[in-house]
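I opened my notebook to look up some annotated sites and the pockets around them. Here is what I wrote down, entry by entry.

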Amino acid sequence: MDRNTYKRIHLIVMDSVGIGEAPDAEKFGDKGSDTFGHIAEEMNGLNMPNMGKLGLSNIRELKGIEKAEKPLAYYTKMQEASNGKDTMTGHWEIMGLNIKTPFKVFPEGFPSELIHKLEEKSGRKVIGNKPASGTEILDELGKEHMETGALIVYTSADSVLQIAAHEEIVPLEELYKICKIARELTLDEKYMVGRVIARPFIGKPGEFTRTPNRHDYALKPFGRTVMNELKDQNFDVIALGKISDIYDGEGVTQAIRTKSNMDGMDKFIETFDQTFTGLSFLNLVDFDALYGHRRDPIGYGKALEEYDARLSEVFKKMTEDDLLIITADHGNDPVHAGTDHTREYVPLLVYSKRFNGGSELPLRKTFADIGATVAENFHVKMPEYGTSFLNELK
């Protein structure tokens, strides 16, 4: 293998872990947002020695995390070029796209005409139809759903249409079929919904719990990504967590579901024992779903510390043929107003055992620089957007 290339690239997206407001944050209503910084303050300092060693506080100082005198990784921050701050926009940009038309969100719920069509085609009534926390809406409407069989439809600050149903009231296969109907209905440009999500649950009123049988029905990326190029050239693309859903399976050779951040890290670490050439790509969704949207900075901080502790295992598994890239897809400042994502810079840390130590990379003007770097490493077609930093890694 070429000395300047790697047999395997391992990419971790810490979902929503932004590192300070982007230059255009005000346009998105996010002036003053700072996910990492505010969590560190609320925690009175974060205990993240592994990210610290890589150079996290060298990007910008964070309370409790020492600046590394000799950082192990190359480090900088990245600015989003696409018009949006949602999960799909951020991830698609990471793999080489630039999304100019933002996905639509529905702060007042979905249009009545869409709901009527869904009722007609599914044969079930709809209740809810508003932005809500996925657990709170079960407390509010779960009993009515069990009594009537009506579907609980809700949304969030993301571009999502979520359908919750009790597994003993609406069998999983029926719920999945209804979600496919909803996906077809929302392909219309006037809706432009990023994802339809099946949210099955079990239990009885006051004791409902969501099951691991969630399923996402996403739009296909608006163009070919670096993952498509890798797969077409017979490289492996191992998608962990919700990565396969985010790209609607495009460019994925192996999809591995995860139940939590820690389960995600377990399965990510296991990929190092696989014999493969290509990309392993992990999303850690709990940061966003459990703590960012719920505006829980302490829970968020503890989750970051738990994740950091697992990096010791990652480092032990790495060989000189491995390159590790750690980043995020947007912000979700848990002390910011509302429950929305926040338009922020994201961290970029790039580490290999080959390095003689890291240093600062220039500020990246698009997340697509990661995709360009992956493409150059594996000698596949370069994306239309993004500039590779592969040759800056020494």
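**Entry 1: reading the record.** I reminded myself that UniProt positions are given in the numbering used here, that feature names are shortened, and that annotations may be inferred rather than shown by experiment. This is a predicted model, where local features need pLDDT of at least 70, side-chain atom pairs count only at pLDDT 80 or more, and totals for chains, interfaces and linings use all residues. Residues are numbered from 1 along each chain as its sequence is written, and side-chain values use heavy atoms, with hydrogens and water left out.

**Entry 2: the binding site.** I found that UniProt, in an unreviewed entry, places the feature "binding site" at Asp-288, His-293 and His-341. They are spread over 54 residues of sequence, yet they cluster in space, with a largest C-alpha distance of 8.5 Å.

**Entry 3: Asp-288.** I located Asp-288 in helix 11; helices are DSSP runs of H or I with at least four residues, strands are runs of E with at least two, and both are numbered from the N terminus. Is Asp-288 buried or exposed? Asp-288 counts as buried because its relative accessible area is 3%, and buried means under 20%, exposed over 50%, and partly exposed in between (1.4 Å probe, protein chains only). Beyond four places in sequence, Asp-288 touches several residues, including Asp-15, His-293 and His-341; contact means heavy atoms within 4.5 Å.

**Entry 4: His-293.** I saw His-293 in the loop between helix 11 and helix 12. His-293 is buried too, at 17% relative accessibility. A polar contact of 3.3 Å joins the side chains of His-293 and Asn-332; such a contact is a pair of N or O atoms within 3.5 Å, and within protein one must be able to donate a hydrogen and the other to accept it, while residues adjacent in sequence count only if both atoms are side-chain atoms.

**Entry 5: the largest pocket.** I noted that a pocket, on a 1 Å grid over the protein atoms alone, is an open set of points where a 1.4 Å probe fits, with protein on both sides within 12 Å along at least five of seven lines; lining residues have an atom within 4 Å of a point. The lining of the largest pocket includes Asp-288, His-293 and His-341. In total 42 residues line this pocket, and His-293 is among those nearest its centre. Strand 6 gives the most to this lining, with 3 residues.
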